[in-house]
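Work through the three exercises below with the sequence and the model open. Each task is followed by a solution in steps.

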Amino acid sequence: MKYLKSLSILILGAVVVACSTNPFTGKQTLALVPNSQILPMAFQQYEEFLSEHKVINNTADARMVKSVGQKIAAAAERYLTANGYAGYLTDYRWEYNLVASKDVNAWCMPGGKIVVYTGILPITKNEAGLAAVMGHEVAHALANHGQQRMSASQLQQLGAVAGNIALSNDPEYQNIFNTAYGVGTSVGVMLPFSRSHETEADHIGLILMAIAGYEPAVAAELWQRMQAQEQGAPPEFLSTHPSSSTRIQNIQAWAPEVRAEARKFGVTSFKR
Ligand SMILES: [Zn+2]
C-alpha cells in the first residue's frame with residue numbers, strides 16, 4: 001500500500017509538468033493524467049455503459065445523432081488542422097449513440113465517446129438544437145475539462161490505477177472516473193463543471209456547430225428552452241449545466257463572430 005501511494009505521488013509529480021496548450025483557447029492546461037491512460041479507461045467505461053443501457057439503432061433520431069455527431073467531429077478536426085494542430089485527435093475513436101432514457105442528459109467522454117439520451121430530444125427539438133448540445137459536450141472533452149474536474153485526491157487514486165498498468169475493475173476507481181466525466185446517473189453525485197469551463201465549452205461548442213453548418217444563435221434558443229425546464233424538477237443535464245441569462249447573452253453576443261469564423265471554412269449558410 002505504501003509502495004502504491006509513493007508510486008502514485010511519483011506519477012502525479014511526473015504528469016504535473018506535462019503542460020499542454022489548449023488549441024481552442026490558447027491557454028496552458030495541465031495534463032494531469034495523460035491521454036494514453038485516460039483513453040483506454042474511457043473506452044472501457046463507454047462499452048460498459050452501452051452494455052448496461054438500451055442503445056437505439058436505425059430510427060430517425062438515432063440516425064440524426066450519428067450524422068450530427070459526425071459533422072461536429074469533422075468540424076473539430078478541420079478547426080484543429082487549420083490552427084496548426086493536425087493530428088491532435090489521432091487517438092480519438094469517435095462514436096455517437098442514442099440511449100433510451102427519460103433522463104435529460106448527454107455527454108462526451110475523452111476520446112470522442114458520445115451518448116445522447118432520448119430524454120433530451122424534446123428540448124433539443126431539432127438537428128441544430130442537438131448540434132448545440134453535442135458541440136458543447138465535445139468541447140468539454142476537447143478541452144480536457146473532465147480531468148480538471150477530478151480532485152487531487154481522486155487523481156492520486158487514478159494515478160495509482162495508471163501506475164498499476166492494468167486498468168482496475170475496482171468499482172471505486174470507475175466511480176471516480178464516471179463522476180469526473182459526468183457519465184453516471186447510477187453512480188451517485190454528478191459534479192458540475194466550473195463556470196469558466198462552462199463558458200469555454202459554450203464558446204468552443206458554438207464554433208464547432210457553426211463550422212458543422214448550424215446556426216449558432218440556435219444555441220441561445222436551446223438554453224432558453226432548458227431554462228424553462230428548470231422549473232419543477234431540474235433535469236440531470238441542468239444539475240451539471242445550469243442555464244442562466246449570462247450564458248444566453250454570451251451566446252447571442254458571440255454568434256456573429258462565430259459565423260464569420262465558420263465562413264473561413266467555406267460555410268455559406270447556417271441550418272436552424
Ligand atoms: Zn457543460
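Buried means under 20% relative accessible area, exposed over 50%, and partly exposed in between (1.4 Å probe, protein chains only). The model is predicted, so local features need pLDDT of at least 70, side-chain atom pairs count only at pLDDT 80 or more, and totals for chains, interfaces and linings use all residues. Residues are numbered from 1 along each chain as its sequence is written, and side-chain values use heavy atoms, with hydrogens and water left out.

**Exercise 1. The zinc site**

State which residues coordinate the zinc ion, and whether His 140 is buried or exposed.

Step 1. Donors are N, O and S atoms within 2.8 Å of the metal (3.2 Å for Na, K and Ca); water is not among the atoms, so sites may look incomplete.
Step 2. His 136, His 140 and His 241 each coordinate the zinc ion through NE2, and Glu 198 through OE, at 2.0 to 2.5 Å.
Step 3. Along the sequence these donor residues follow the spacing H-x3-H-x57-E-x42-H. His 140 sits in helix 5 (residues 127-142) and His 241 in the loop between helix 11 (236-240) and helix 12 (245-263), so this pair ties together parts 101 residues apart in sequence. Helices here are DSSP runs (H or I, at least four residues), numbered from the N terminus.
Step 4. His 140 is buried, at 3% relative accessibility, and His 241 is buried at 2%.

**Exercise 2. A salt bridge between helices**

Find the salt-bridge partner of Arg 247 and state which helices the pair ties together.

Step 1. A salt bridge is a side-chain nitrogen of Lys or Arg within 4 Å of a carboxyl oxygen of Asp or Glu. By this rule there are eight.
Step 2. Arg 247 pairs with Asp 202, their closest N and O atoms being 2.8 Å apart.
Step 3. Arg 247 belongs to helix 12 and Asp 202 to helix 9, so the pair ties together parts 45 residues apart in sequence.
Step 4. Both Arg 247 and Asp 202 are buried.

**Exercise 3. A bridge after helix 12**

Which residue forms a salt bridge with Glu 221, and is Glu 221 partly exposed or buried?

Step 1. The partner of Glu 221 is Arg 272, at 3.1 Å from N to O.
Step 2. Glu 221 lies in helix 10 and Arg 272 in the segment after helix 12, so parts 51 residues apart in sequence are tied together.
Step 3. Glu 221 is partly exposed at 27% relative accessibility, whereas Arg 272 is exposed at 54%.

How values were computed
Helices (H or I, at least four residues) and strands (E, at least two) are DSSP runs, numbered from the N terminus.
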